[in-house]
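Hi,

Here is the structure I said I'd pass on. Have a look at it first, and my notes follow underneath.

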Amino acid sequence: MPSSSELAALIRRAGVVGAGGAGFPSYVKASSRAETVIVNAAECEPLLQKDQELLRHFAPDLVRGLELMVAAVGASRGAIAIKEKHEELVKLLERAVAGKKALSVHRLADYYPAGDEFCQVYEVTGKLIPMGGIPLQVGVVVNNVETLYNMAHAERTPVVDTFLTVTGAVKNPCTLRLPVGVSISEAVALAGGASVPDPVALDGGAMMGKVVEDFSAPLTKTSGGLIILPREHPLVRRKSAGRPAFDRAGKSTCDQCTLCTELCPRYLLGYDIQPHKVMRSLLFSPPDRKPWSHWALLCCECRLCSLFACPENLNPGDICGYTKGDLAREKINWKSTPLNRGQEPRVHPIRPWRQIPVSQLKSRLGLEDYEAEAPLRQQPYAPKLVRIPLKQHVGVPAQAKVSAGQTVKRGDLIGDVPEDALGVPVHASISGKVTAVEDFVEITA
Ligand code: SF4
Ligand code: SF4
């Protein structure tokens, strides 16, 4: 087994980042010390199946990645957290870890968002991350399934492919492995093409994903799922409205019923987040708004309050997200807010009765008609052209190390970051000629 510093150097060189969400560079986690490593295999976003497919086809690779991470951080325990409804996968994983004393499978209930780090750390270890803190403060690191798969392969292959589910209004929903930099339109075509005349994509899922209209946009290391929907689908209309519309509707319609707070998963875990008070802030002019805005600081932007709880179809989750951004620009965080009195989270006694099953969520989102299996297609895809962004995730952008006209092979370094900066290098995802270098590197096969 490589040491902590050897693994950290290896996965940095290979460009491994959290393959979902913001894409935090994984070498930072591998350089830390922790008691427990959790594999986040909850996959809560309705319709997405990328993690399930990876586990079905590559369980030994995941276990290898987990063992590497457990050894690197000096942990005594590695737990794969997966929903118990995936009985066949749970059994497969139990067989894969049989005889490995430090490793186990932890069964999660089927609620949204069981994949939220704070919820997951509590479910697996019984510990509550301090308010405004990170899992490491309670001796835990959390990695997702594809990240550990990429770590297991880092010695031989840098991260040049991404796995993603393409589903919704497409003819053949599926999970694909595609070179980074392939366009969304190619991914949709590989799924049989859109089955509606005016499609848009929810990139990253129905709850936390963003509406994307430009199908020429490239896939990145953090792409995990595309849900294709007709432009007039209520979920698309809702998510596309934007900040001014969210603020206007919130200001005129919020009746302060508090349901958004009462169903907020972080509030129920005992954190000082109260979205109904953030909604109240909309009634005030900016200087008087701030004390109310601070109640957004511990929001994880799961959007359960917006897309499930609010009876008025308002968007407290989005408004909390913007508000957090506003506060961050003013350097206000949990450490500096007057709300922080050093209190510790205490789980609300009603929490078990307020967890929202994913099936209920799916129906509320109007996605039941799109329920379909999305099996992994194993055959490789050879695109004619890729555009690989030099910034794909948290950290500094990579600087291009190639120029137009140069020939590259799949896996070659094409962008790098200074040794002392937070970030990882970028590699060619296909072999060919570099045909453009801007804030992306274009390679033509
Ligand atoms: S649930 Fe909706 S109406 Fe009720 S307080 Fe929250 S935002 Fe306002
Ligand atoms: S998005 Fe809403 S429900 Fe989710 S953590 Fe934030 S306030 Fe709570």
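How many residues apart are Asp 247 and Arg 243 in helix α9, and what does that spacing amount to? They are 4 residues apart, so about one helical turn separates them. Their side chains meet in a salt bridge, at 3.8 Å from N to O. Arg 243 is partly exposed, with a relative accessible area of 29%. The two also belong to a network of salt bridges that links Arg 243, Asp 247, Asp 326 and Arg 329.

Before the rest, please keep in mind that this is a predicted model.

More on salt bridges

A search of the whole structure turns up 24 salt bridges. One of them joins Asp 110 to Lys 83, where the closest N and O atoms are 3.1 Å apart. Asp 110 sits in the loop between β3 (103–108) and β4, while Lys 83 is in strand β2 (residues 77–83), so this pair ties together parts that are 27 residues apart in sequence. Is Lys 83 buried or exposed? Lys 83 counts as buried because its relative accessibility is 1%, whereas Asp 110, at 26%, counts as partly exposed.

Then there is Arg 410 with Asp 161, whose side chains form a salt bridge at 2.9 Å, N to O. This one links distant parts of the chain: Arg 410 is in the loop between β14 (407–408) and β15 (413–416), Asp 161 is in strand β6 (residues 161–168), and the two are 249 residues apart. Asp 161 is buried, with a relative accessible area of 10%, and Arg 410 is partly exposed at 39%.

The two ligands

Ligand 1 has 13 residues around it, and the ones that come nearest are Cys 254, Asp 255, Cys 257, Cys 260 and Cys 310. Helices α10 (259–262) and α12 (275–281) each supply at least two residues of that shell. By class, the shell around ligand 1 divides into 8 nonpolar, 3 polar and 2 charged residues. Cys 254 counts as partly exposed at 24% relative accessibility, and so does Cys 257 at 36%.

The surroundings of ligand 2 include Cys 264, Cys 299, Cys 300, Cys 302 and Cys 305, along with Pro 265, Pro 275, Glu 301 and Arg 303. Here the split is 8 nonpolar, 1 polar and 2 charged. With those cysteines in view, you may want the disulfide count: the structure holds 0.

Backbone oddities

Most residues other than glycine have a negative phi, and most peptide bonds are trans. Arg 303, from the shell of ligand 2, has a positive phi near 65 degrees. Arg 303 lies in the loop between α13 (286–293) and α14 (304–309), and counts as buried at 15% relative accessibility. Thr 258 also has a positive phi, near 75 degrees; its place is in the loop between α9 (243–253) and α10. Elsewhere, the peptide bond from Tyr 112 to Pro 113 is cis, with omega near 5 degrees. Pro 113 belongs to the loop between β4 (111–112) and α5 (117–125).

On the surface

Phe 24, Val 28 and Leu 422 make a nonpolar surface patch of about 210 Å². Phe 24 is in the loop between α1 (4–13) and α2 (26–30) and, at 36% relative accessibility, counts as partly exposed.

Cheers

Definitions and conventions
Residues numbered from 1 in each chain as written. Chains lettered and ligands numbered in written order. Predicted model: local features only at pLDDT ≥ 70, side-chain atom pairs only at ≥ 80, totals over all residues. Heavy atoms only, no water. Near = heavy atom within 4 Å. Nonpolar A, V, L, I, M, F, W, Y, C, P; charged D, E, K, R; others polar. Disulfide = S-S within 2.5 Å. Buried < 20%, exposed > 50% of the residue type's maximum accessible area, 1.4 Å probe, protein only. Patch = residues over 30% accessible without salt bridge, like charges linked within 9 Å, V, L, I, M, F, W, Y side chains within 5 Å. Areas by Shrake-Rupley, 256 points an atom, 1.4 Å probe, with all protein chains shown as cover. Salt bridge = Lys/Arg side-chain N within 4 Å of Asp/Glu carboxyl O.
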